[in-house]
Amino acid sequence: MSSESSTKKRLCEPIPFPEGSIRFTYKHVGTIPVHATFVPAPNSSNPRPLFVTAHGGGLCSGSHVNYPTQWFDICRSRGWHCLTVAYQLLPPGNATTVIEDMTDLGLWISNSLNAELQSHNPDLVVDTAKIVVSGQSAGGYIAYQMALRFPPTAKPLAVFSMVGMSCDWGQLSSSDWYTSPKPKGYKWLGAKIPITDHTDEEFTELLADKTPVPDLAFEDMWENHPRFLYFDHLIGSGKFANVFGFENGPVIPLMDAGFPKTVLVHGNADTVVPIWDSKAVILKLESVGVECKLIVVDGADHNADMGGPEVVEGLSLVAKWVDAD
């Protein structure tokens, strides 16, 4: 295994879910179940806020079983329930399937989650007026889509994103990160990532029999799965925007005064998702009057501490909004 893959593997150790967690299927894609795992707050017996999170992985890889334990620990200590969700990955997923998945997820939370919880434990109830959506890296983008796609009966109260993608293809930031070829490769946490020799056609063949909603842990996927290589291929070839969805991928143009209050955490030395992704979101939200804050982690790359003081600060602000509502 190369040094680059070893680096990625070490950063993605899977951790078992706490006792009492419940796995649900919130939709099917054909015969493929799309899962969400519910992690209850300890000793809960009345309606509690719900903290929903989506995994990272460049929209090409990852699984909902790799959830941010530090975030869940903080939220559960406040008496919040937590939910980690899956979604369809590239390929065959794209911006359209993300929109469909998050629309369906919101409807399931609104219409079915509490009834399904009651069938497991009558004490488990979610307060659908107090939903926080979140994600790290690509999961940050998914959180934005949740905020835009959930129905009014489950409208998120706040968004929390860390090193999140916004899928701005340069329209706001004038950056060509997602659209320009990088023939010499790019850096991932300081390591040089070479551009794979595989062609588009070869990747189509490599991924043809791979489920778009894997339940493998990140660690298993890196050793046995071409999805990580596909992200490197798309970034290196400058094709990410066109493959994911140049027209309907960007979310910033859709953000208006009704968008939830938002906290973003981002390292100013991020080499995978540049900080301008978060800055562009803040500029738009400020322009439409949405309360928001960008917390910069000085000198941090894409592996900024998921439980660091910046995260604690950000989640504390989110908690104030939830408690005040």
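**Reading salt bridges, cores and burial**

Mentor: Start with one pair: K293 and E313 form a salt bridge, with 2.8 Å between the closest N and O atoms. K293 sits in strand β10 and E313 in helix α10 (residues 309–324), so named as DSSP runs numbered from the N terminus (helices H or I, at least four residues; strands E, at least two). The two residues are 20 apart and link distant parts of the chain.

Trainee: What ground rules apply to the numbers?

Mentor: The model is predicted: local features need pLDDT of at least 70, side-chain atom pairs count only at pLDDT 80 or more, and totals for chains, interfaces and linings use all residues. Residues are numbered from 1 along each chain as its sequence is written, and side-chain values use heavy atoms, leaving out hydrogens and water.

Trainee: How do I read a salt bridge, and how many are there?

Mentor: Side chains of opposite charge can pair when their charged atoms come close. The rule here asks for a side-chain nitrogen of Lys or Arg within 4 Å of a carboxyl oxygen of Asp or Glu. By that rule the count is five.

Trainee: Which residue pairs with K27?

Mentor: D101 does, with the closest N and O atoms 2.8 Å apart. K27 lies in strand β1 (residues 22–29) and D101 in helix α3, so the pair ties together parts 74 residues apart in sequence.

Trainee: Is D101 buried or exposed?

Mentor: Check relative accessible area: under 20% is buried, over 50% exposed, and in between partly exposed (1.4 Å probe, protein chains only). D101 is buried because its value is 0%. K27, at 13%, also counts as buried.

Trainee: And the K293 pair, by that scale?

Mentor: K293 is partly exposed at 34%. E313 is partly exposed at 38%. Elsewhere, salt bridges with shared partners join K27, D101 and D104 into one network.

Trainee: Which residue does K261 bridge to?

Mentor: E291, at 3.7 Å between the closest N and O atoms. K261 is in strand β9 (residues 261–267), while E291 is in the loop between α9 (276–287) and β10 (292–297), so this pair ties together parts 30 residues apart in sequence. K261 is partly exposed at 32%, and E291 is partly exposed at 41%.

Trainee: Now the nonpolar cores. Which members of the largest one touch the most others?

Mentor: A nonpolar core is a set of buried Ala, Val, Leu, Ile, Met, Phe, Trp, Tyr and Cys residues joined through side-chain atoms within 4.5 Å. The largest has 68 residues, and L59, I109, Y141, M146, F240 and F244 touch the most other members. Helix α3 (residues 95–120) gives the largest share, eight residues. A second, separate core has 27 residues, including I295, A304, M306 and L315.

Trainee: What does L59 contact?

Mentor: Contact means heavy atoms within 4.5 Å. Setting aside neighbours within four places in sequence, the partners of L59 include Y87, A138, M165, C167 and F240.

Trainee: Where is H35, and what does H35 touch?

Mentor: H35 is in strand β2 (residues 32–39). At 12% relative accessibility, H35 counts as buried. Beyond four places in sequence, H35 touches several residues, among them R23, Y26, H64, T84 and D215.

Trainee: What are the totals for the protein?

Mentor: Ten helices and ten strands. Of the 325 residues, 58% are buried. Among contacts with a separation of 6 or more, 78% join residues 24 or more positions apart. The accessible surface (Shrake-Rupley method, 1.4 Å probe; for residues, only the protein chains shown count as cover) is about 12900 Å², with 52% belonging to carbon and sulfur atoms.
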